[in-house]
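Trainee: I have a structure open and do not know how to read it. Can we go through it feature by feature?

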Amino acid sequence: MNRAPSTGAQSSAPHVADSHDLIRVHGARENNLKDVSVELPKRRLTVFTGVSGSGKSSLVFATIAAESQRMINETYSAFLQGFMPNLARPDVDVLEGLTTAIIVDQERMGANSRSTVGTATDANALLRILFSRLGKPHIGSPQAFSFNVASISGKGAVTIEGSHGKTVERRSFSITGGMCPNCEGTGRVTDFDLTAMYDDSKSLNEGPFTVPGYSADGWYGRIYSGCGFFDPDKPIREFTERELHDLLYKEPTKIKVEGINLTYEGLITKLQKSMLAKDREAMQPHIRAFVDRAVTFTACPECGGTRLSEAARSSKIKGISIADACAMQISDLAKWVGGLDEPSVAPLLGTLRHTLDSFVEIGLGYLSLDRPSGTLSGGEAQRTKMIRHLGSSLTDVTYVFDEPTIGLHPHDIQRMNNLLLRLRDKGNTVLVVEHKPETIAIADHVVDLGPGAGTGGGTVCFEGTVEGLRAGDTITGRHLDDRATLKETVRKPTGALEIRGATANNLQNVDVDIPLGVLTVVTGVAGSGKSSLVHGSIPAGAGVVSIDQGAIKGSRRSNPATYTGLLDPIRKAFAKANGVKPALFSSNSEGACPTCNGAGVIYTELGVMATVATPCEECEGKRFQASVLEYRLGGRDISEVLAMSVTEAEEFFGAGEARTPAAHKILDRLADVGLGYITLGQPLTTLSGGERQRLKLATHMSEKGGTYILDEPTTGLHLADVEQLLGLLDRLVDSGKSVIVIEHHQAVMAHADWIIDLGPGAGHDGGRVVFEGTPADLVAARSTLTGEHLAEYVGG
């Protein structure tokens, strides 16, 4: 093939297409951003730093990534866009040079009881095809190995209308699924404690049920007493066997109650569909408490907890069934799949090997494919989402990460850094929101936001190289090389919490005494068994208050005042001062503006276009009726109080006419955890991840419990905030509490009175206590990975 000769002049002039090498953002005003303008280099690794709440996520996720996704959605037809989430254009003047954004965030994976690591990553789909091709005996298509597909069959007559009239044919069909019929693919069966569900000495008219929402005068209570199947005045203990069966297990039956057509179901039949279909973590707290009290979950005796039917478990490849494969540690499964040599399914094996090797490479080789996805931590969920991008052939896309080092031991952070650099080196733009100095150090470009949080942040304090940041006079620059020192003296324990023979998950018969009255840090590589030891093995009734990383459930109507219970004393104080009822001072109740129903904004649906939100003209966004705003406390109306920051409100409710001790106490705790800058009426949906965890901590601090368990409290915290957190932990211990912290941050380890190190590895290579003692002893011994990294950190 002949090529046209190229001229030197043409090759030396840069092509106009190569000039688009920056992502330009001008005038970004999302959330607390104050007209932010930045220029980010493409095909480089840019790290965004700044204190928690300074606007990092608002810039990266709510502006750059959101606009990229919105523009991609606009390329689809209006019909398809109708099925997609409506994304409004971010509040920004100019966004140029955007590329396709792939967001890998920390949102927990769906807490659906049918979702596992295997189903969430498509590894199960590949395994099902493999077993349907190679499994002996052959039992059917890939569906026959799926625990989410039930076996069904049917036959009957069908009428077909054609040009020659109607013909009737007999048809039959059957689908072979892999679902265990006993537990319906959940792997667990439930047993009910009837005494925790109703008081059998009462009749239906007396309201015997202790199930949330089933009171005698409530709708469910009226259905049971008015259904006509029982005498509503007869105590339940006098029911016949038939009546008790109908009360608890009756299948759905059409009835009429109070002139309304309804469907009646037995109590247990109904609870299984309503409450137990949800994962425990997704339940509201009062329903979770009832389920914990009334229901016991045990592994299904028929499938042994594997979720699969007997037929699916009988088909094997080299003596291994699909249930065995999903229960293996992924690192072991990768070796087993690597040993299979079958040319007929070579492409399938290649893809499956790559997926499993990605798990191992990203540091998740200790998981198994049958692990429920709702039990993964935020960091594990984020890394699981990364797996599908590791081997991607895409280039010139923007990968957006939200603190990818969360939940990672210092030993594992280096591995994560290498993955981020590999994505960049393939020609991608990598944007990372991060606090860890080890990851900030590998950045090609740094954007530091601040200087403070909330209204005190939202501006760019520094943009440039890591060396420039270190030399610059910003909070991040000043704290980048901070190193905590080991304590000279440690506190003496006042007792011990004994754990004996712990075998939860990968723990190998662990015996350990957790000292009380001191600050104890439980550490170890990711997957070594820390959470299993602390959350899964501490005996019930030990007076423990556990604060995990679970997301706060809240709508745009929820705010810090409603979540912490602060609004109750405030409403009562307003009501008392003005001689009216408290419900008037709730924007979700009687005091709500009738035009916007207390939302403060009016939403206009525009079909496939983005929904438009406009401030309510009636209340001017204040949420309350005009008559309610005439009532004052200490010279302020309720909307002005909700617009205050925690610090302002603390002063306002602390003295003078507005003095309210109950409100002041809650505000004190919010200021204690470093949330003095957030406003009382700020929607929970606008808070960052670190702010939400500290809000949860402030709420739990009032609980009566001698022992606090914190799960990685440094998540989302800036280097400068870690110091404040250590002060808070010290105050808790000094007030007589015992504090147990699951943590990887070396500053927290150095500050501990006692360290329990688990390992030496992850999964079945971990689950043992490899060190117990003071931080100084751990540094001196250097006998574990944690010891080596801590010694390096403190300069020991």
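Trainee: Which residues of H15 are buried?

Mentor: Start with the general idea. An α-helix has 3.6 residues a turn, so residues three or four places apart point the same way. Now the case here, in a predicted model. In H15, the buried residues are Pro410, Asp412, Ile413, Met416, Asn417, Leu419, Leu420, Leu421, Leu423 and Arg424.

Trainee: What span should the 16 residues of H15 have?

Mentor: Count 1.5 Å a residue, and H15 should span 22 Å. The end C-alpha atoms of H15 are 23 Å apart, which agrees. After H15 comes Gly427, with a positive phi near 95°.

Trainee: Which strands does H15 lie across?

Mentor: H15, residues 410–425, lies across E3, E14 and E15. The helix runs at about 150° to E15.

Trainee: In what order do the strands of that open sheet come?

Mentor: First the general idea. Strands of a sheet pair through backbone hydrogen bonds, either parallel or antiparallel. Here six strands form an open sheet with mixed pairing, in the order E5-E14-E15-E3-E16-E17. At the edges are E5 (101–104) and E17 (459–464), each paired on one side only. On average, neighbouring strands of this sheet are turned by 15° against each other, direction ignored.

Trainee: How many bridges join E3 to E16?

Mentor: Four bridges join E3 (residues 45–49) to E16 (residues 445–450), and the two strands run parallel. Take one residue: Val47 has Val446 in E16 as its bridge partner. Helix H2 (residues 56–73) also packs on the sheet. H2 touches E3, E5, E14, E15 and E16, and its direction makes about 130° with that of E5.

Trainee: Thr429 lies in strand E15. Is Thr429 buried or exposed?

Mentor: Look at relative accessibility; under 20% is buried. Thr429 has 1%, so Thr429 counts as buried. Leaving out residues up to four places away in sequence, Thr429 touches Ile23, Pro41, Lys42, Arg43, Arg44, Val397, Thr398 and Tyr399.

Trainee: What about Val25 in strand E1? Buried or exposed?

Mentor: Val25 has 0% relative accessibility, so Val25 counts as buried. Beyond four places in sequence, the residues Val25 touches include Val36, Val38, Leu59, Ile64 and Val92. Now compare sequence with space. Val25 and Asp233 are 208 residues apart in sequence, and their C-alpha atoms are 71 Å apart.

Trainee: Which residues in the largest nonpolar core touch the most other members?

Mentor: The general idea comes first. In soluble globular proteins, nonpolar side chains tend to be buried together. The largest nonpolar core here has 68 residues. Those touching the most other members are Leu127, Leu130, Leu333, Trp336, Leu369, Met386 and Phe401. Take Phe401. Aside from neighbours within four places in sequence, its contacts include Phe61, Val104, Met386, Leu420 and Val432. A second, separate core has 66 residues, among them Val521, Phe585, Ala658 and Val722.

Trainee: Which residues make the covered face of strand E21?

Mentor: In a regular strand the side chains alternate between the two faces of the sheet. In E21 (residues 544–547), Val545 and Ile547 make the covered face, while Val544 and Ser546 make the uncovered one. Four bridges join E21 to E24 (residues 707–711), and these strands run parallel. Val545 stands opposite Tyr708 in E24.

Trainee: Which elements have the lowest and the highest mean pLDDT?

Mentor: Helix H1 (residues 8–12) has the lowest, 52, and E3 has the highest, 97. The chain averages 87, and 95% of the residues score at least 70.

How values were computed. Residues are numbered from 1 along each chain as its sequence is written. This is a predicted model: local features need pLDDT of at least 70, side-chain atom pairs count only at pLDDT 80 or more; totals for chains, interfaces and linings use all residues. Side-chain values use heavy atoms; hydrogens and water are left out. Two strands pair if DSSP finds at least two bridges between them. Axes are lines fitted to C-alpha atoms, for helices over the stretch in contact, and angles run from 0 to 180 degrees between N-to-C directions. Contact means heavy atoms within 4.5 Å. A nonpolar core is a set of buried Ala, Val, Leu, Ile, Met, Phe, Trp, Tyr and Cys residues joined through side-chain atoms within 4.5 Å. Buried means under 20% relative accessible area, exposed over 50%, partly exposed in between (1.4 Å probe, protein chains only). The expected span of a helix is 1.5 Å times one less than its number of residues. pLDDT is the predictor's confidence in each residue, from 0 to 100.
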